[in-house]
Amino acid sequence: MEELGKGMVKHCAGLPLAIIVLGGILSKRNSLHEWQIVSENVKSYLLKGKDQGIMDVFKLSYDDLPPYLRPCFLYLSHFPEDYKIGVDRLIQLWIAEGFVSIKREGENGGETLEDVAERYLIELMERYMIQAEERDVIGKVKSCRMHDVIRDACLSKAKQENFLHIIDHSNADLLDDDIDYLSQLTTGKVSRVVAHDDCLVQRIKNPHLRSLLFFSGFFSLDFLSRYAVPRKIVDYVDYYQDEGSFIAIPWFVMCVCVAFSKVRGGWTYMLNNFKLLRVLAFEGEDNFSGCKLPNDLGNLIHLRLLSLRKFSFVSSKLPSCLGNLRCLQTLDLRGMEILSFKDDDIPVHMPNVIWKLRQLRHLYLPEYLKRKTRLRLDTLVNLQTLVNFNMRNCYVTDLLNLINLRELKIMWSEGAYESFEKHLNNNKNPQIINSKNLRSLSFEDTSFGVEMDPTHLKQFLCNCVNIYELSLRKVKMSKLPEYHHFPSDMAYVSLEGTELHEDPMPTLEKLPNLRILNLGGDAFTGNKMVCSAQGFPKLDSLSLEKLYNLEEWKVDEGAMLGLRHLEISNCKKLEMLPEGLRFIATLQELKITAMPKTFQDKLVQGGQDFHKVQHVPSIIFNDILDGEESVASSDELIA
């Protein structure tokens, strides 16, 4: 086998990526006979390909894929070059497209579609056809990327098989002012279109379209000013604005009216001509929807995934036609913005129709909902992801029915305390969450100042034995619950703006599997923290940021013996590093950011505290302050 391997590597002409991809193929082969077959195939492909190196090995690797993986791999060509692909969204898209199947989902605690899709992703990674970019605390892949060469090969294969059509700078006719922006885009039999650049949706002529993704803004303000509004009108507005004349006002109003008309026309065309869509996703940063979301959206009854992230409207009311989309599996309404002359975030009103979408698996609600909004969610028993569950607008008791939840983010805003107390008082057994599958729980306060009683957090955690991620952001709390109320598998804790009065370290250090701890933005308002001996047995990374009152930090010998990464940022009153750091032999990186120069001077060679950190291989200083001004943007000391 060794000789066969050397021969195949020789055929790769020394190209590292070709060798890596070939290694991915061989990793699935354990016998000499299987290696001989691959070796013959390598020779055959290279002879046919006339020594194209990596492209030839890619063709071999693609042909070696099992049938269920091929569409999943080709789908990766949707994403722009160097794009960080979120794994959750990728899996949702695969499932919406029907690429993932399972006989009996979740029976007796078995696999779900998402579990199968994750296995598909891992298999593609093992074949080196995609690379992991970020992982969570337990090693699950959160984001991934494609190597440029692999992406080019994937894109070429996808076009060859009429898998998709991409609108980008190479074919976006509307980028040329001399070309009619209504010129047609011929997509032929292609059932998927993805826009990497601005385009008018009217250019797409394909009534059989199944998937439409926008990575550019949908009618972005820049696009409207350049193409949707006649150039003469824009020039008039610019001219009279520069002159400071009131004459600009009617021209500006005309611009707005024309822009709204173009946007409405785009929506009307799309919703009346693409009624077979399974996927409609807007992933850009600047999406303008005009006055309101059209009622015709309810015509897209085949939709499995609808993402309206970061959309801007004039009307604050979403249409009740959302309740017609009975096949929806993923609904993403995060970041919705109501256009206003004020800087305040204007809440959205959602009709109480979400309960009709019984196939929903992933629901992302707007961050800000109007006070009168009431949402019933108890019918969504398939829900795995629920983000921005507002305690004021949703019913706490509905959470008991969501037995398949894996991720839950709660908006602990105005009225949350009262809603929670009412639930506790009206129930003899005030259980909150009934899902044994919950892995991630987070709370955020958007109204600033709503407190959470420690017993409330204890109540949320009491039945969630498998949670490994907990995050509290801007939710004020006097102290944490006792350590035994936390799940034993808790591996990640992030506290920001909690304004704890009591030192959280005596509680958190007793969590046996805690690996990452982030304390930021006045998470603790006291002036002293203590980490005891034998505390934090598995902690790998610790970040202390913007603990403005912290003056003293004590670390006993024997604490945090596995710590590898430590970051201290903007804790300006902290006088020195703890003596106990010198006993942590595993510490690989110390990052000091936005700290006084006197703090830095103690840590450099010859400084008062240098003996505490001289064993650390990498010490990085960023934005060190001399008084209130930064004097060093970046400096690194290698021990």
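What is the accessible surface of the protein chain, and which share of it belongs to carbon and sulfur atoms? The surface comes to about 29100 Å², of which 48% belongs to carbon and sulfur atoms; accessible areas come from the Shrake-Rupley method with a 1.4 Å probe, and for residues only the protein chains shown count as cover.

This is a predicted model, in which local features need pLDDT of at least 70 and side-chain atom pairs count only at pLDDT 80 or more, whereas totals for chains, interfaces and linings use all residues. Residues are numbered from 1 along each chain as its sequence is written, and side-chain values use heavy atoms, with hydrogens and water left out.

## Overall composition

The protein chain has 16 helices and 28 strands; helices (H or I, at least four residues) and strands (E, at least two) are DSSP runs, numbered from the N terminus. Of its 639 residues, 51% count as buried, where buried means under 20% relative accessible area, exposed over 50%, and partly exposed in between (1.4 Å probe, protein chains only). Among contacts (heavy atoms within 4.5 Å) with a separation of 6 or more, 61% are between residues 24 or more positions apart.

## Nonpolar cores

A nonpolar core is a set of buried Ala, Val, Leu, Ile, Met, Phe, Trp, Tyr and Cys residues joined through side-chain atoms within 4.5 Å. The largest such core has 122 residues, and L212, L386, W412, F443, W553 and M560 have the most contacts inside it. Helix α11 (residues 248-273) supplies the largest share of this core, 5 residues. Apart from it lies another core, of 46 residues, which includes V87, Y120, C144 and V194.

The surroundings of L212 can be listed in full. Not counting residues up to four places away in sequence, L212 touches V193, V201, I204, M270, F274, L277, V279, L280 and A281.

## Helices α7 and α8

Helix α7 (residues 113-126) has 14 residues, which should span 20 Å at 1.5 Å a residue, and its end C-alpha atoms are 20 Å apart, which agrees. The expected span of a helix is 1.5 Å times one less than its number of residues. Helix α8 (residues 148-160) has 13 residues and reaches 18 Å from its first C-alpha to its last, close to the 18 Å expected.

α7 is mostly covered, with 11 of its 14 residues buried. Among these buried residues are the acidic positions E114, D115, E118 and E123, alongside L113, V116 and Y120. The cover over the buried residues of α7 includes α5 (70-75), α6 (87-97), β2, β3 and β13 (362-364). In α8, the buried residues are I150, R151, A153, C154, L155, K157 and A158. Each helix is followed by a residue with positive phi: Y128 after α7, near 60°, and N162 after α8, near 55°.

## Strand pairing

Two strands pair if DSSP finds at least two bridges between them. An open sheet of 3 strands has the order β1-β3-β2, with antiparallel pairing. β1 (85-86) and β2 (131-135) stand at the edges, each with a single partner strand, so one side of each is left without a neighbour in the sheet.

The table sets out three pairings with their bridges.

| Strands | Direction | Bridges | Residue pair |
|---|---|---|---|
| β2 and β3 (141-145) | antiparallel | 4 bridges | Q131 and R145 |
| β18 (492-496) and β19 (516-520) | parallel | 5 bridges | Y492 and I516 |
| β19 and β21 (541-545) | parallel | 5 bridges | G520 and E545 |

## Selected residues

L542 is placed in strand β21 and counts as buried at 1% relative accessibility. The C-alpha atoms of L542 and L519, 23 residues apart along the chain, are separated by 8.1 Å. Leaving out residues up to four places away in sequence, L542 touches M505, L517, W553, M560, L563, H565, L566 and E567.

Q329 lies in the loop between β10 (311-313) and β11 (330-332). With a relative accessible area of 16%, Q329 is buried. Beyond its neighbours within four places in sequence, Q329 is in contact with I95, A96, R304, Q359, L360, R361 and H362.

How many disulfides does the model contain? The count comes to 0 disulfides, a disulfide being a pair of cysteine sulfur atoms within 2.5 Å. Two cysteines illustrate the range of exposure: C327 is partly exposed, with a relative accessible area of 28%, whereas C531 is buried, with a relative accessible area of 0%.
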